[in-house]
Amino acid sequence: TLQKEARKLEQLLVPGVFSPSEIQQAKAFGCKIIKLFPASTLGIQYIHHIKDPIGSLPFVIAAGGLTINDLEPWLQEGYGAIALGRGIIQNHQIDPKLTAWFKSRG
């Protein structure tokens with residue numbers, strides 16, 4: 001599998017997952033980090049709905065359809081990281097809201 005090949009090459013592979021069974025499979029492969037995709041479709045409460053049946057979760061990156069306005073709420077909800085797409089670039093520059101968010105975090 002791809003995960004075995006990545007391990008052999010000493011490379012980190014972060015699988016994109018959607019369903020609880022995909023999350024279980026990633027855990028079985030030994031993944032410590034997963035990318036929940038598309039997070040905006042699954043919703044901010046998704047990890048709370050699956051925690052009981054799945055148990056402990058790896059580090060979860062929420063990705064897909066999220067915006068700068070989603071950063072704080074999703075992080076506060078327990079996601080480890082948020083992936084933002086090309087929407088953060090406006091007129092060939094990073095959206096000033098993102099710069100302001102970073103500055104507000106110290």
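Is histidine 92 buried or exposed? Histidine 92 is exposed, because its relative accessible area is 79%; buried means under 20%, exposed over 50%, and partly exposed in between, using a 1.4 Å probe and protein chains only. Before going on, keep in mind that this is a predicted model, where local features need pLDDT of at least 70, side-chain atom pairs count only at pLDDT 80 or more, and totals for chains, interfaces and linings use all residues. Residues are numbered from 1 along each chain as its sequence is written, and side-chain values use heavy atoms, with hydrogens and water left out.

Let's stay with histidine 92 for a moment. It sits in the loop between β5 and β6; helices (H or I, at least four residues) and strands (E, at least two) are DSSP runs, numbered from the N terminus. Histidine 92 has a positive phi of about 65° although it is not a glycine. Asparagine 91 lies in that loop between β5 (89–90) and β6 (93–94) too, and its phi is also positive, near 55°. Asparagine 91 counts as exposed, with a relative accessible area of 72%.

Carry on along the chain and you come to aspartate 95, which caps the N-terminal end of α6: one of its side-chain oxygens lies 2.8 Å from the backbone nitrogen of lysine 97. Just after α6, glycine 106 takes a positive phi of about 90°.

Now for the charged pairs. A search of the whole structure turns up two salt bridges, a salt bridge being a side-chain nitrogen of Lys or Arg within 4 Å of a carboxyl oxygen of Asp or Glu. One of them joins arginine 105 to glutamate 72, with the closest N and O atoms 3.1 Å apart. Arginine 105 lies in the segment after α6 (96–104) and glutamate 72 in helix α5 (residues 71–76), so the pair ties together parts that are 33 residues apart in sequence. Both ends are partly exposed: arginine 105 at 48% and glutamate 72 at 27%.

The other salt bridge links the side chains of glutamate 5 and lysine 8 (3.3 Å, N to O). Those two both lie in helix α1 (residues 2–8), three residues apart, or about one turn of the helix. Glutamate 5 is partly exposed at 35% relative accessibility, while lysine 8 is exposed at 62%.

Next stop is helix α4 (residues 46–54), where Tyr46, Ile47, Ile50 and Ile54 are buried. Seen down the axis of α4, these buried residues fall within an arc of 75°, so they line one face of the helix; the arc is that of the directions from the helix axis to the C-beta atoms. Turned away from that buried side is a face carrying the exposed residues His49 and Asp52. What covers the buried residues includes α2 (20–28), β2, α3 (39–42) and β3 (59–63). After α4 comes glycine 55, with a positive phi near 90°.

Strand β2 (residues 33–36) is home to isoleucine 33, which is partly exposed, with a relative accessible area of 24%. Leaving out residues up to four places away in sequence, isoleucine 33 touches Leu12, Val14, Pro15, Pro58, Phe59 and Ile61, where contact means heavy atoms within 4.5 Å. Finally, in the loop between β2 and α3 you'll find proline 38, joined to phenylalanine 37 by a cis peptide bond with omega about -10°.

Notes
Polar contact = N/O pair within 3.5 Å; in protein donor to acceptor, adjacent residues only side chain to side chain.
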